[in-house]
Every structure is written in structure tokens, then in C-alpha cells.
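Hello,

Here is the structure I promised to pass on to you. Have a look at it first, and then read my notes below.

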Amino acid sequence: MHTVWKGAISFGLVHVPVKMFSATEDKDISLRYIHKECGSPLSYVRKCPVCEKEVNWEEIGKGYEYEKGKFVLFDKEELEQLTEESSKSITILDFVDLTEIDPIYFQKTYYLSPDQAGSNAYRLLMEAMRQTGKIGIAKISIRSKSSLAAIRVLENCLAIETIFYPDEVRPVTQVPGLPEAGIVSDKELEMAKLLISQLSTPFEPGKYTDDYRQRMLDLISHKISGEEFHIAPARQESNVIDLMAALQASIEAVQHIPSDPGTAPAAAAGKSKSAAGTRKRTVKASGAEAVPGTPVISEATGPIPVIAPKAKRRSTKSKETVS
């Protein structure tokens, strides 16, 4: 790993020399702009609109626009003086519980490893935090940007996560179109809680993959080899407009069994009828009758099993195909 920062963690009079490494990496596939006429990649030119010439890096400074078209300018030395004192220290201000921090505050995660002869102090801090269950809230300056940070134990390593300052998080009251407080249907609430319960599972990061990135890699591979590449059309979303019908269908799809075995098939069909329209049994063989126990097909909610008596044994000479 590449070291992105070196300094020390300080809490009280204890200093822990550490090195910082980025804990995550961006695996997005980068596409460049290409000139269609000749196939050449385009480059970005730093050009002054007044002097009408390209500007080299050594001629570039930094400035703050305090009014339209008016700037205060800074040179490199002035900016370095602002961060010189704090740039090499991670000062722990408080120890808190991780559950007290909302995830909206988290920015980026880094790993910390002991530097020089700091192994003993590093191990001490890590074990103390592990046994108390606390995380440290600190201030850190990375690449001239000051931010808050949360230091926590991650397996056998100290991790630090930069977090936004409170005034950098927009209040929820600024979000337009939020629903007003109202009464929620008890029956719909119970079904929604049941669906959440059915979909609840321990978090296993390994089972989630970036499907878009994989499709893009497949497309790139096929284009390089000159092969045709066909992308399957996206599945059409069901047009369920009734909330109860949507919850019922979702629960049944998860359970693969009727959610209420005591309800008669006719009653169950009648309940969904108001939202999804009349369900139909479709039989490909002309003139054939629907077999008892055949799944009811709804364009809105998909297959919904029904409970019915076992069908009488039929001759193997005649078969019905149900779609």
C-alpha cells in the first residue's frame, strides 16, 4: 500500500507514531473522451481567456472569489503556514460510542499502522479502545484540508474515518416533497414489518457485486476481440398500484407459500382483484381446462400460489402446458 500520510495520534500526553493508508479503492471503469473523426483521445488545456495562451503549472496560483470577478490571491507559502502546525498530528478530542454517529457524517476510511518505535503505544491504544467499546473523535489535516475523524478498532488494526463537520451536513428540512406526519394503516404496517423480517439477514459484503462494472468489462472484452455483444433487456417493473397488493405479493414471493394459509383461494383472489385486475389462467393446449392447483397468473403481481385439492390422476396421453 502507498503511504498517504505520516504523523502521530495524541491523546492526553501519549503519542502514537502512525502511517496512514487508504482503506478503499475506486474500481469504476474510466472512459476517456475520443475525437470521433480520427479516434484520438482529447486532452484538457489550461488556457487563460485574457492572455489567450496556455498556462504552465509554475504560473498558476490560487485565489478566492469574494465578489463576482474579484479575487484575493494566495501563494504556496501562505497556505502552507495555515496547516504546518496541525498537519502531522491526529489529536483525539473525545471518546464516544460508535452508535452515536449517524452514517451521513462518514466520508472516507483509512488504515493506520504503527510507525518507527510506536508498536507498544499503538497496541495499548487499540486494546484499550477494544475493551471499552469506545471510538476516538479527532481532528486531522490531510492535503491542506482539515476535518473531523473517527478512530476505531477494525479487526487487528486502527482505522480512521474522516467525517463531515456538522455545518457541512444539510438539514433534512431542506428536502422538498417530504410527506407530512399522518396515520399509517396498522394492517399495512404489520405486512411491511413482516416483509422486512423475511428479508432480514446477516450482512455479508462478499455476496454483493457491481453488476454494471462486470457488464462493462464484458463489453470491453468482446469489443477487443471483435465479437458481437448483446445485453439482455431489463426486466419490466410490475405495475402494482395498490399498496396492500404489493406487500402481499412481495411476502408471497419471499416465502414461496401463501402468507395466510387459512384464507380460501377465492378470498385471496378477491383481495388482489381490486389492485391487479382480474387474474387469468392461461392454457396453451386449445380446449383444455385449467388444472386444480394451477398458479394464478397476474400481470401486476406475478405468480401467486393457491391451495387446492390434488388433481385426479390423468392419462399420460394428454398433457397440458400452463404458462
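**What I found**

Let me start with one residue: glutamate 52 is exposed, with a relative accessible area of 62%. Glutamate 52 sits in the loop between strand E3 (47-48) and strand E4 (53-54). Its phi is near 55°, a positive value in a residue other than glycine. Most residues other than glycine have a negative phi. Glutamine 116 is another case, with a positive phi of about 55° although it is not a glycine. You will find glutamine 116 in the loop between E8 and H2, and at 70% relative accessibility it counts as exposed. Please keep in mind throughout that this is a predicted model.

**The overall picture**

The protein has 323 residues, of which 21% are buried. Its secondary structure consists of six helices and eleven strands. The accessible surface comes to about 25,100 Å², and carbon and sulfur atoms account for 55% of that. If you take the contacts between residues at least 6 apart in sequence, 58% of them join residues at least 24 apart.

**The core**

Nonpolar side chains tend to be buried together in soluble globular proteins. Here the largest nonpolar core has 21 residues. Which of them touch the most other members? They are Ile9, Met20, Ile90, Leu112, Ile151, Leu158 and Ile160. At least two residues of this core come from each of the strands E1 (3-11), E2 (14-22), E7 (89-96), E8 (106-114), E9 (135-142), E10 (145-154) and E11 (157-163), and the same holds for helix H2 (119-132). H2 gives the largest share, four residues.

Isoleucine 90 is a good place to zoom in. Leaving aside its neighbours within four places in sequence, isoleucine 90 is in contact with residues including Trp5, Ile9, Met20, Leu112, Ile140, Ile151 and Ile160. Ala8, Ser10, Val18, Ala138 and Lys139 are also among its contacts.

**Charged pairs**

Side chains of opposite charge can pair when their charged atoms come close. A search of the whole structure finds seven salt bridges, and I picked out a few for you.

- Aspartate 115 pairs with lysine 6, with 3.9 Å between the closest N and O atoms. This salt bridge links distant parts of the chain, 109 residues apart: aspartate 115 is in the loop between E8 and H2, and lysine 6 is in strand E1. Is each partner buried or exposed? Aspartate 115 is buried, at 10% relative accessible area, whereas lysine 6 is partly exposed, at 43%.
- Aspartate 97 forms a salt bridge with lysine 134, and here the closest N and O atoms are 3.0 Å apart. Aspartate 97 lies in the loop between E7 and E8 and lysine 134 in the loop between H2 and E9, so this pair ties together parts that are 37 residues apart in sequence. Aspartate 97 is partly exposed, with a relative accessible area of 26%, and lysine 134 is partly exposed too, with 31%.
- Glutamate 190 and lysine 193 meet in a salt bridge of 3.6 Å, N to O. Both lie in helix H3 (residues 186-199), three residues apart, or about one turn of the helix. Glutamate 190 counts as partly exposed at 46% relative accessibility, and lysine 193 counts as partly exposed at 46%.

**On the surface and in the helices**

Where is there a nonpolar patch on the surface? Ile29, Leu31, Leu217, Ile220 and Ile224 make one of about 460 Å². Isoleucine 224 belongs to helix H4 (residues 211-225) and is exposed, with a relative accessible area of 72%.

Glutamine 248, in helix H5 (residues 243-255), is a polar residue to look at. Its relative accessibility is 16%, and because buried means under 20%, glutamine 248 counts as buried. The side chains of glutamine 248 and glutamate 252 are joined by a polar contact of 2.7 Å.

Finally, lysine 76 lies in helix H1 (residues 76-83) and counts as exposed at 59% relative accessibility. Lysine 76 and glycine 61 are 15 residues apart in sequence, and their C-alpha atoms are 7.6 Å apart in space.

Enjoy exploring, and do write back with any questions.

Best wishes

Definitions and conventions
Residues are numbered from 1 along each chain as its sequence is written. This is a predicted model: local features need pLDDT of at least 70, side-chain atom pairs count only at pLDDT 80 or more; totals for chains, interfaces and linings use all residues. Side-chain values use heavy atoms; hydrogens and water are left out. A nonpolar core is a set of buried Ala, Val, Leu, Ile, Met, Phe, Trp, Tyr and Cys residues joined through side-chain atoms within 4.5 Å. Buried means under 20% relative accessible area, exposed over 50%, partly exposed in between (1.4 Å probe, protein chains only). Contact means heavy atoms within 4.5 Å. Patches are made of residues with over 30% relative accessible area and no salt bridge: like charges are joined within 9 Å, nonpolar side chains (Val, Leu, Ile, Met, Phe, Trp, Tyr) within 5 Å. Accessible areas come from the Shrake-Rupley method with a 1.4 Å probe; for residues, only the protein chains shown count as cover. A salt bridge is a side-chain nitrogen of Lys or Arg within 4 Å of a carboxyl oxygen of Asp or Glu. A polar contact is a pair of N or O atoms within 3.5 Å; within protein, one must be able to donate a hydrogen and the other to accept it, and residues adjacent in sequence count only if both atoms are side-chain atoms.
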